[in-house]
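The report below takes up salt bridges, a metal site and the nonpolar interior in turn. Please read it alongside the sequence and the structure.

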Amino acid sequence: MTLLFTPTTMSVPVLSTDQDFPVRRIYCVGRNYVDHIREMKEGDERDDPFFFQKPADALVPDHGHVPYPPRTTDLQFEGELVVAIGAEGVDIDVDHAPDLVLGYAAGIDLTRRDRRRDCRDRRIPWEAGKSFDASAPCGPITRRAEAGDITTATLRLSVGDRIRQHTPIALMIWNVAEIIAHLSTDYRLMPGDLVYTGTPAGVAAVTPGDTIRVDIDGLAPLSITITESRTP
Ligand code: MN
């Protein structure tokens, strides 16, 4: 039997190797920094983490271009630490969670904020706000051993020359090990999974022509440019 057509496999380069990380699933943590929960004025800061997914083909590579998405007037960035999963696991405890981490990357959870708010108000799923085409920019993966101590890193996101987010990773409500432990109670984690770990305060809208850059200490930076809307 042959396939009717060739499926698209998205992948992310792994630094200091000649190999790419083939992406299976993209998980995202909903709320994970107290200052962002407060700026959004929603949610309880002590709630368990919750997760949503983006399609794997929403990935955008470093130096990629993102056409301004349709049916929004409020496209916003969320700079995030991304965890690349390199081993299978289910019901992982916090102590063993680091064993699943292949490496880390800088990412952006692009959000149609107006659509997300509409989903919230109508109590319908978040997909329209979060899971659209080209909504998951992700920089190259730095392997865990080469990334240093990610818990002491700072995340900075700038739009052009202006710094918009600047927060220590340590201010996450749920740290990487705790996120993996929680997520693995709901899903069997597999090599190829990416986990976007939530954004701190400072999110804002972008427009065509803007270049967004995310720097996380110890990791390769991510830079993308928003371009005019897609052409039909
Ligand atoms: Mn996010």
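## Salt bridges

Asp118 and Arg122 are 4 residues apart in helix 2, so they are separated by about one helical turn, helices (H or I, at least four residues) and strands (E, at least two) being DSSP runs numbered from the N terminus. This is a predicted model, in which local features need pLDDT of at least 70 and side-chain atom pairs count only at pLDDT 80 or more, while totals for chains, interfaces and linings use all residues. Residues are numbered from 1 along each chain as its sequence is written, and side-chain values use heavy atoms, with hydrogens and water left out.

The structure holds 12 salt bridges, a salt bridge being a side-chain nitrogen of Lys or Arg within 4 Å of a carboxyl oxygen of Asp or Glu. Three of these pairs are set out here.

| Acidic residue | Basic residue | N to O distance |
|---|---|---|
| Asp118 | Arg122 | 2.9 Å |
| Glu146 | Arg143 | 3.0 Å |
| Asp74 | Arg117 | 3.9 Å |

The pair of Asp74 and Arg117 links distant parts of the chain, with Asp74 in the loop between strand 6 and strand 7 and Arg117 in helix 2 (residues 113-122), 43 residues apart. Asp74 is buried at a relative accessible area of 16%, whereas Arg117 is partly exposed at 36%; buried means under 20% relative accessible area, exposed over 50%, and partly exposed in between (1.4 Å probe, protein chains only).

## Metal site

Glu78 (OE), Glu80 (OE) and Asp109 (OD) coordinate the manganese ion at 2.0 to 2.2 Å, where donors are N, O and S atoms within 2.8 Å of the metal (3.2 Å for Na, K and Ca), and sites may look incomplete because water is not among the atoms. Along the chain, the donors follow the spacing E-x1-E-x28-D. Both Glu78 and Asp109 are buried, and they also belong to a network of salt bridges that links them with Lys54, Arg113 and Lys130.

## Nonpolar interior

The largest nonpolar core has 47 residues, and Ile224 is among those with the most contacts inside it; such a core is a set of buried Ala, Val, Leu, Ile, Met, Phe, Trp, Tyr and Cys residues joined through side-chain atoms within 4.5 Å. Helix 4 gives the most to this core, with 5 residues. A second, separate core of 19 residues includes Ala56, Ala84, Trp126 and Leu194.
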